[in-house]
Structure formats: structure tokens, C-alpha cells
Amino acid sequence: QEILDPNSGLARFKPDIVFLPASWRDLRLPSIVENENEFAGAIADQAQAYWKRLSDRLGCHVVQHAYDFPSDEAYGYLSGSLPGGRTQVIQLLNRLLLENAPSHVSILDTPLLQRIEGARWQNDMLWHSFQQHPASESLPAVADLMAAHARAVLGLTGKVLVTDLDNTLWQGVIGEDGVE
């Protein structure tokens, strides 16, 4: 609603960066999708429409979270290879988001973070009680990844290249003569 309303608090705030968190739960995926290309394409098209609206109205950089994966699948390992399986559909959707992202949009690699966090990523009790996803234990890692991404987008990261001219940083000419 904030993206669609030209008089929203978001529009008045005029942010430099907008994060669009996403979760596999938002997709409301059945165990098998009839037409995975159509399903994933429709969601990717909607995301592109949001990106365009944010760029046109606010001129901000958009960070779209890639969709994570369910921890349990009705078809287990097969969901990654079955046409229309949840894993297959989410992989297709993430690929479409990445391929179609214009220069003012970057995709946050949420599935990588999910793999790093492992079993801590998802807590079904928290989801069913409060619709909280990911689990509380993983929120600091999500915040760190988002902050690092924001620093990169805003140009707040620094790169340093240190080269040593003889006798500048330390005494000697170790590169030419060796440690002895």
C-alpha cells in the first residue's frame, strides 16, 4: 500500500533505499504449480512494476530480497526436479528477478543466508503464532546482510590498497632480498 499510494508516509519520507523483504510463505504456493513459468512470470512482473513505481516516484535504489525456500517439502528432494515443484518454482522466480533487475534494483541473496543459518532460519511456531519469518535467531544475520548491502549501495564501503615502497612501511627490501 505504501508503494502504491503517492501520498503515503514512504513517499513523504523520500528514502534513498527501499528494501522489499520476501518469503516463500508470501507466494502461497501449492505443492505443485500447474504452470511454473506463468506463475513465476506473474510474480516477477509484479515485482518489476513495484520497482518502476518506486524509481519513478522516489528515485531510490530498490533492494529486492530473493525468495527463500521452505524447510519441508511435500515431495521432499523431488520438489527441486519435479515440474511445478515449490523448489523449482522458487528457483525460477529468483532467476527471473535477477535477470530482469534494472540498474536501480539489486537482489539480496536471501537463499544464501538461509543456507548459512540452517535450521535456525525457520520457526513454524513463530510463523503460526505471529507470522514472523525468519526466526528470531536469524534476524541479526538478516540485519547485518541488509546493512552491508545498504553501505555498498550508498558508497559507504571503503577499499584500501597498500603497497610498500622500499623502507616505507617497514625497514628493508624483503621483496627483493628475502626474509634473511
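Helices and strands here are runs assigned by DSSP, and both are numbered from the N terminus, which is worth having in mind before I point to anything on the screen. With that naming, tyrosine 75 lies in the loop between strand E2, residues 61-65, and helix H3, residues 86-100. Please also keep in mind that what we are looking at is a predicted model.

Let me begin with the sheet. It is an open sheet of 3 strands in the order E1-E2-E3, and the pairing is parallel. The edge strands are E1, residues 17-20, and E3, residues 105-108, each of which pairs on one side only. From one strand to the next, the twist averages 20 degrees. For those of you who are new to this, strands of a sheet pair through backbone hydrogen bonds, and the pairing can be either parallel or antiparallel.

Now to the pairs themselves. E1 and E2 run parallel and are joined by 4 bridges, and if you look for leucine 20, you will find that it stands opposite glutamine 64 in E2. To get from E1 to E2 the chain passes through H2, and this β-α-β crossover is right-handed.

On the other side, E2 and E3 also run parallel, with 4 bridges between them. Valine 62 has valine 105 in E3 as its bridge partner, while glutamine 64 stands opposite isoleucine 107 in E3. Here the chain crosses from E2 through H3 to E3, and this β-α-β crossover is again right-handed.

How many of the residues of E2 are buried? The count is 5 of the 5, and so the strand is largely enclosed by the rest of the structure. If you follow the side chains, His61, Val63 and His65 point one way from E2, whereas Val62 and Gln64 point the other way, and all are buried. E3 can be described in a similar manner, since both of its faces are covered: Val105 and Ile107 are buried on one side, and Ser106 and Leu108 are buried on the other.

Let me turn from the sheet to the charged side chains. A search of the whole structure finds 4 salt bridges, and I will go through some of them.

One of them joins lysine 52 to aspartate 56, with the closest N and O atoms 2.8 Å apart. Why are these two residues about one helical turn from each other? The reason is that they are 4 residues apart in helix H2, which covers residues 36-58. Lysine 52 has a relative accessible area of 51%, and because the cut-off for exposed is over 50%, it counts as exposed. Aspartate 56 is at 54% and is therefore exposed as well.

Another salt bridge is found in helix H3, where the side chains of arginine 95 and glutamate 99 meet at 4.0 Å, N to O. These two are also 4 residues apart in their helix, so about one helical turn separates them. Arginine 95, at 45% relative accessibility, counts as partly exposed, whereas glutamate 99, at 54%, counts as exposed.

The last salt bridge I want to show is between arginine 120 and glutamate 117, whose closest N and O atoms are 2.5 Å apart. Is each partner buried or exposed, or something in between? Arginine 120 is partly exposed, with a relative accessible area of 44%, but glutamate 117 is at 11% and, because buried means under 20%, it counts as buried.

Finally, let me come back to the loop I mentioned at the start. Tyrosine 75 has a relative accessibility of 41%, so it counts as partly exposed. Together with Ile32 and Leu78, Tyr75 forms a nonpolar patch on the surface, and the accessible area of the three adds up to about 260 Å².

Methods
Residues are numbered from 1 along each chain as its sequence is written. This is a predicted model: local features need pLDDT of at least 70, side-chain atom pairs count only at pLDDT 80 or more; totals for chains, interfaces and linings use all residues. Side-chain values use heavy atoms; hydrogens and water are left out. Patches are made of residues with over 30% relative accessible area and no salt bridge: like charges are joined within 9 Å, nonpolar side chains (Val, Leu, Ile, Met, Phe, Trp, Tyr) within 5 Å. Accessible areas come from the Shrake-Rupley method with a 1.4 Å probe; for residues, only the protein chains shown count as cover. Buried means under 20% relative accessible area, exposed over 50%, partly exposed in between (1.4 Å probe, protein chains only). Two strands pair if DSSP finds at least two bridges between them. Axes are lines fitted to C-alpha atoms, for helices over the stretch in contact, and angles run from 0 to 180 degrees between N-to-C directions. A crossover is right-handed if, with the strands pointing away from the viewer, the path from the first strand over the helix to the second runs clockwise.
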